[in-house]
Amino acid sequence: MATTARPAPAHSTDSYGEQSGIWAWLTTVDHKRIGILYLYTALFFFMFGGLEAIVIRAQLGAPNQHLVSAEFYNQLFTMHGTTMIFLAIMPLSAAFFNFLIPLQIGARDVAFPRLNAFSYWVYLFGGIFITVPIFFAVAPNGGWFGYAPLTARAYSQGINIDFWVIGLQILGISSLAAAFNFLTTIINLRAPGMSLMRMPMFTWMAFIVQVLLVLAFPVITIALVFLLFDRFFGTNFYNTVSAGADPLLWQHLFWIFGHPEVYILVLPAFGLVSEVLPTYSKKPLFGYPVMVYSGILIAVLGFGVWAHHMFAVGMGPIADTFFGLTTMLIAIPTGVKIFNWIATMAQGAIRYTTAMLFGIALVALFTIGGISGIMHASPPADLQQTDTYFIVAHFHYVLFGGSIMGIFAGIYHYFPKIMGRLMDEKLGKIHFWLTFVAMNLTFFPMHFSGMLGMPRRIYTYDAGQGWDLFNAMSTAGAMIFPIAMLIFIYNFFVSRKRGEIAGPNPWGAGTLEWTIPSPPPEYNFAKIPTVTSRYPIWEGKDVDREDARINSQEGKTAADLGIVMPYNTIKPLFVALGLIIMFCGLISSRALIGIGAAIMIFSLYSWLLSPLEPEHH
């Protein structure tokens, strides 16, 4: 099996296509540029959510502190959770979906390029809509889970919750538009020979995530519409039990969405690590079919475990038993992935690059988060741990130890393909070790403070309860994160301009995206490849090698090759802008609803009447 990359010719690292400047980015429908827009925007929101976390930890670093008020603390932890989940981790995954899926399946673009641009602009405007209120102390303050009837008008007056309810609806539109686009792309645009069981593992996990999005987001949409109607129009879905409302309806609807959402957040990282570990172990992924089936099984079982978030509400022994059993069951396909990753690395020629270190860290840290999750499969144990800092520790090991570590592995691994240059490995390893130490120092002590009874969502506490040392440790760990991120940001932006030229395949990887120049040309593939293997570079036949030779050639434009590419257009941006203005009218002037609707309808009409690409001759 050949695993050595060909020497790469020098290659320009200029931006994609022939256009440059702000206008080109505002009008782009190129999936690679949209992926980069997602990457930059999501990294910004990730840092913003991190700053919110730093203030939270500073407030809790010692007993009886009052750095912020109780009300502002409520806004901080609500927006920290909302930002990290909906504005950082999901869009960071979307950055890789956009950039990689067409490249990995041998396509020239996504199925609906304009819809792709629309989904980004809706995400950007929705993120601004839900984030800006914190600067005016009117940010959402009911927790990222927004439990009704606490978030109903009777108990949460003012406009704080309105921003959350409407903001999540906006972001849901973006997620669903992207999900339908990627589903269609993966099903319809795969290169000849690219069967489902030859798709790279990242594309498989992305495919499963899109199915989860399509099935889960309508549920949270219904829950939010009910809450919006309760707050704006006086309906009674959650408010008054005597008048027919159900106080547990919100929890069921939210967690039917919420637990699949956990896998929406973590499966893309699993996919990235399943690309990283084989590359730096110089071995194909161990047990590929089982890895695919375990991902599918996680998605199916993910819809059957939601009420383990509700063991404390008094569902009764039958429901508790069922959801306890399904929670234990879902650990099996997750454990399969852990052991397959370990088997991939076993006896491999491992190179400890920065990406590999982050990948190994995911395997270790997610295992800790998974084990603490299994503890919650027991209702009696869960009753002791629920709403304590033990839960906070658990889900941060899952989402930071899992999702974020995997995403950083993906960034370091794919940075050369995206930018055409290599990131500095020394700085990368400093970033890794600081992040690894900070993560464990911050979140591991929370297991102990939680078992000692420290409740979640309290903004201060008295001394002498056994929590002081653990909170001080967590706060000290949290203060390391900004240092690590500053090193990463410096490395990222300096390497983007001055890093070593990467060439098509600097890591000696085996999948299709590494057969084309770095960064890829506007059209991706000069010739649509014919695929004969899961790893065309490592295991391919003569046709794979000939396709790779043709596609590695540089300097030719789409026009030179007679390839028809979609027109750039500003219209998706204006449709998204009109949508946001329309939603703003629910909170401010009702006239904005009409203005926004007019902009959206006119722009959409113009979008639909304009041709997607030049006529074929």
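**Notebook: helix α14, the core and the cavities**

I began at the start of α14, where a side-chain oxygen of D424 reaches to within 2.9 Å of the backbone nitrogen of K426. I note here that the model is a predicted one.

I then checked the length of helix α14, which covers residues 425–451. Its 27 residues, taken at 1.5 Å a residue, should span 39 Å, and because the C-alpha atoms at its ends lie 39 Å apart, the expected and computed values agree. Looking past the helix, I found that G453 follows α14 and has a positive phi, near 100°.

Next I turned to the largest nonpolar core and asked which of its residues touch the most other members. The core holds 187 residues, and the ones that stand out by this count are W341, I411 and F488. Helix α3 (residues 70–105) supplies the largest share of this core, with 21 residues. I followed F488 further and, leaving out residues up to four places away in sequence, listed its contacts as L43, F408, I411, Y412, M423 and H431; I411 therefore appears both in this list and among the residues that touch the most other core members.

Last, I looked for enclosed space, and the structure holds 6 cavities of 30 Å³ or more. The largest cavity has a volume of about 210 Å³. Of the 19 residues lining the largest cavity, M90, P91, A94, S174 and S175 are the closest to its centre. I also recorded which elements give two or more residues to this lining, and they are α3, α5 (160–188), α6 (201–233) and α7 (249–281). The largest share of the lining, 6 residues, comes from α3.

Note on methods: Residues numbered from 1 in each chain as written. Predicted model: local features only at pLDDT ≥ 70, side-chain atom pairs only at ≥ 80, totals over all residues. Heavy atoms only, no water. Core = buried A, V, L, I, M, F, W, Y, C linked by side-chain atoms within 4.5 Å. Buried < 20%, exposed > 50% of the residue type's maximum accessible area, 1.4 Å probe, protein only. Helix = DSSP H or I, 4+ residues; strand = E, 2+ residues; numbered from the N terminus. Contact = heavy atoms within 4.5 Å. Expected span 1.5 Å × (residues − 1). Polar contact = N/O pair within 3.5 Å; in protein donor to acceptor, adjacent residues only side chain to side chain. 1 Å grid on protein atoms, 1.4 Å probe; cavity = no way out; pocket = protein on both sides within 12 Å on 5 of 7 lines; lining within 4 Å. Points joined across faces, edges and corners; volume = space filled by probe spheres on them.
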